[in-house]
Amino acid sequence: MEKQRKAARGAESHRFDNLTAAEAVARLRDIYVAAVKALQTDLQAYLTDRSKPSKTAREQGRYCYPRLIVVWRGVDEEDDDAPLHLRHPVVNRAFARFSRPGTYSSSITRPDLFGEEIRTQLELLQTDYNAEISVGVSDQEIPYPYVLDGAGLDLNSVSAFDLARHFPTTELALIGNEVADGMELLDAEGHRPLALFDGLRTDFSLARLKHYTGTPAEHIQSYILMTNYHRYVDVFVAYALEQLKRPDSPYTALSCCGGIVITKDTPNPLELIANSPWRKFQMPSYHLLSPDRQGISLVNIGVGPANAKNITDHLAVMRPHVWLMIGHCGGLRPSQSIGDYVLAHAYLRDDHVMDNVLPREIPIPPIAEVQVALQQAAVNITGQDGDALKKRLRTGTVVTTDDRNWELRYSSSALLFSQSRAVAIDMESATLAAQGYRFRVPYGTLLCVSDKPLHGELKLPGQANHFYERAIAEHIDIGFETINLLRQAGAKLHSRKLRAFDEPPFR
């Protein structure tokens with residue numbers, strides 16, 4: 001703690017006040033780049049001749065993240081024309097808004113990745129609230145594992161224990177979701193959090209994303225499709241390659257699991273992708289890249305609520321515009337057929353992995369803009385509407401369970417399904433929706449019925465092949481069309497129903 005206090009005191013001499021949004025982002029970049037370079041330089045010196053870094057320099061913030069500080073002073077108490085001291089400007093959007101006057105701050109990482117989003121929100125805060133912006137050096141040091149990529153450092157001659165003695169390393173006690181979960185609202189200086197995730201929490205997830213998905217975190221796009229079957233990957237890849245060939249395509253490349261990047265000029269792309277080491281990664285991902293991160297990512301999260309929670313814990317730091325579950329489910333109603341669709345309007349959370357952070361009695365509301373887009377996309381892709389579409393697309397409650405063999409508890413399961421009026425069951429959707437609610441990321445679910453366990457149509461090899469061939473392409477096409485529609489919604493996609501009472505200003 002003393003080290004942090006010294007770093008904070010040193011930071012005051014490196015603070016830049018009264019900045020424009022663009023100037024603030026530039027300062028964040030300068031401080032971050034300098035800290036990374038200093039950490040890499042000192043690591044190289046230690047590896048070369050065991051030169052230890054200067055304690056004094058560390059106390060002055062040599063390795064520290066930049067800190068962004070935003071102040072809203074509210075209505076002047078001396079202003080007789082102001083009816084309320086806490087009066088708010090009329091701001092209808094769900095982000096770039098203050099809950100109350102005060103000082104808000106956060107450490108910032110990767111301004112090269114998040115800088116444009118930061119600049120946009122700062123401009124809105126300045127325009128609507130006359131917010132004051134300053135940038136300094138935080139009291140959080142960048143852990144050395146996060147600066148190793150591209151540094152050309154050979155760590156084989158030294159142990160992680162030795163490095164941790166002299167350089168900042170990851171301390172789990174300093175990383176968490178307290179802000180997102182509403183449990184930590186003021187820091188030691190009385191500042192409120194500016195963002196849901198600080199520099200340490202963000203860098204932790206960026207590293208995990210690369211580990212789990214097999215792709216660089218910076219390739220993750222703002223519109224995310226998640227699936228629980230690898231066959232969807234083949235359809236996504238085919239769609240992406242077709243999009244890249246279009247002369248008017250908004251997309252620049254396809255980033256594939258295993259570090260392969262495909263452009264329109266890449267020879268034999270399917271062979272390259274097929275031979276990629278995607279099997280080495282737990283949740284292989286593919287990203288149809290757009291220069292402004294407005295492209296589409298597909299993450300094969302596999303099966304189970306633990307996987308769903310795991311990946312969304314980390315995807316949340318990317319602040320996507322939406323994540324959609326496009327996967328398979330078991331149909332629970334006799335009127336459903338294999339290949340029918342289920343649009344989730346509610347979720348019965350029997351997954352249990354979220355119980356300790358988001359109590360089950362908390363309702364998970366549908367996001368209107370997402371629901372409308374999913375419904376309209378189904379109309380556009382299937383060519384059906386009205387009663388014809390209702391025969392294939394059922395809306396209602398989706399049960400998410402953590403027991404893959406729930407069928408063996410038939411008596412208790414059937415009663416629960418009947419009481420909840422559920423129409424489908426899977427192992428991921430409610431978890432993804434709950435995580436979207438928790439982390440303020442719009443969410444939605446469109447599932448495809450692959451079996452009907454309660455009605456004698458079990459998921460067996462002979463029955464599955466025909467279903468796969470007929471349903472997958474159309475299903476994921478609805479996902480693509482939904483994203484096309486959601487892009488048109490713009491800022492309206494971010495619903496205020498996801499915002500808490502006392503919320504950080506940033507999205």
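The following exchange asks how several descriptions of this predicted model are justified.

Me: What makes Ser-255 count as buried?

Reply: Ser-255 has a relative accessible area of 1%. Buried means under 20%, so Ser-255 is classed as buried. The residue belongs to strand E6, residues 253–256.

Me: Why is the link between Ser-255 and His-219 called a polar contact?

Reply: The side chains of Ser-255 and His-219 are joined at 2.7 Å. A polar contact requires a pair of N or O atoms within 3.5 Å, and the value of 2.7 Å satisfies that limit.

Me: How do you know whether Leu-225 is buried or exposed?

Reply: The relative accessibility of Leu-225 is 0%. The cut-off for buried is under 20%, and Leu-225 therefore counts as buried. Leu-225 lies in strand E5, residues 223–227. Its C-alpha is 6.3 Å from that of Val-299, although the two residues are 74 apart in sequence.

Me: Why is helix H6 described as largely enclosed by the rest of the structure?

Reply: Of the 15 residues of H6, 11 are buried, so the rest of the structure largely encloses this helix. Among them are Gly-199, Arg-201, Asp-203, Phe-204, Leu-209 and Tyr-212.

Me: What caps the N-terminal end of H6, and at what distance?

Reply: Asp-198 is the cap: one of its side-chain oxygens lies 3.3 Å from the backbone nitrogen of Leu-200. The limit for a polar contact is 3.5 Å, and the 3.3 Å separation falls within that limit. Just after H6, Gly-214 takes a positive phi of about 75 degrees.

Me: How do you know that the length of H6 is close to what is expected?

Reply: H6 has 15 residues and reaches 21 Å from its first C-alpha to its last, against an expected 21 Å at 1.5 Å a residue. Helix H7, residues 231–245, also has 15 residues; its reach is 22 Å, close to the 21 Å expected. The buried residues of H7 include Tyr-232, Phe-236, Tyr-239 and Leu-244.

Me: Why are strands E3 and E4 called edge strands?

Reply: The open sheet has 4 strands in the order E3-E1-E2-E4, with mixed pairing. Strand E3 (132–141) and strand E4 (192–193) each pair on one side only, and they are its edge strands.

Me: What makes E1 and E2 a pair?

Reply: Strands pair if at least two bridges are found between them. E1 (residues 64–72) and E2 (residues 102–107) are joined by 6 bridges and run antiparallel. The requirement is therefore met. Val-70 stands opposite Tyr-104 in E2.

Me: What makes the largest cavity a cavity, and what lines it?

Reply: In a cavity, a 1.4 Å probe fits but cannot get out. The search finds 3 cavities of 30 Å³ or more, and the largest has a volume of about 50 Å³. Its lining includes Ala-94, Arg-319, His-494 and Arg-507. By class, the lining has 3 nonpolar, 2 polar and 4 charged residues.

Me: Which helix supplies the largest share of the lining of the second largest pocket?

Reply: H4 supplies the largest share, 10 residues. H4 (111–129), H6 (199–213) and H14 (461–489) each supply at least two. This pocket has a volume of about 750 Å³. Of its 39 lining residues, the closest to the centre are Phe-114, Glu-117, Ile-118, Arg-293 and Arg-507. The lining divides into 17 nonpolar, 12 polar and 10 charged residues.

Note on methods:
Residues numbered from 1 in each chain as written. Predicted model: local features only at pLDDT ≥ 70, side-chain atom pairs only at ≥ 80, totals over all residues. Heavy atoms only, no water. Expected span 1.5 Å × (residues − 1). Buried < 20%, exposed > 50% of the residue type's maximum accessible area, 1.4 Å probe, protein only. 1 Å grid on protein atoms, 1.4 Å probe; cavity = no way out; pocket = protein on both sides within 12 Å on 5 of 7 lines; lining within 4 Å. Points joined across faces, edges and corners; volume = space filled by probe spheres on them. Nonpolar A, V, L, I, M, F, W, Y, C, P; charged D, E, K, R; others polar. Polar contact = N/O pair within 3.5 Å; in protein donor to acceptor, adjacent residues only side chain to side chain.
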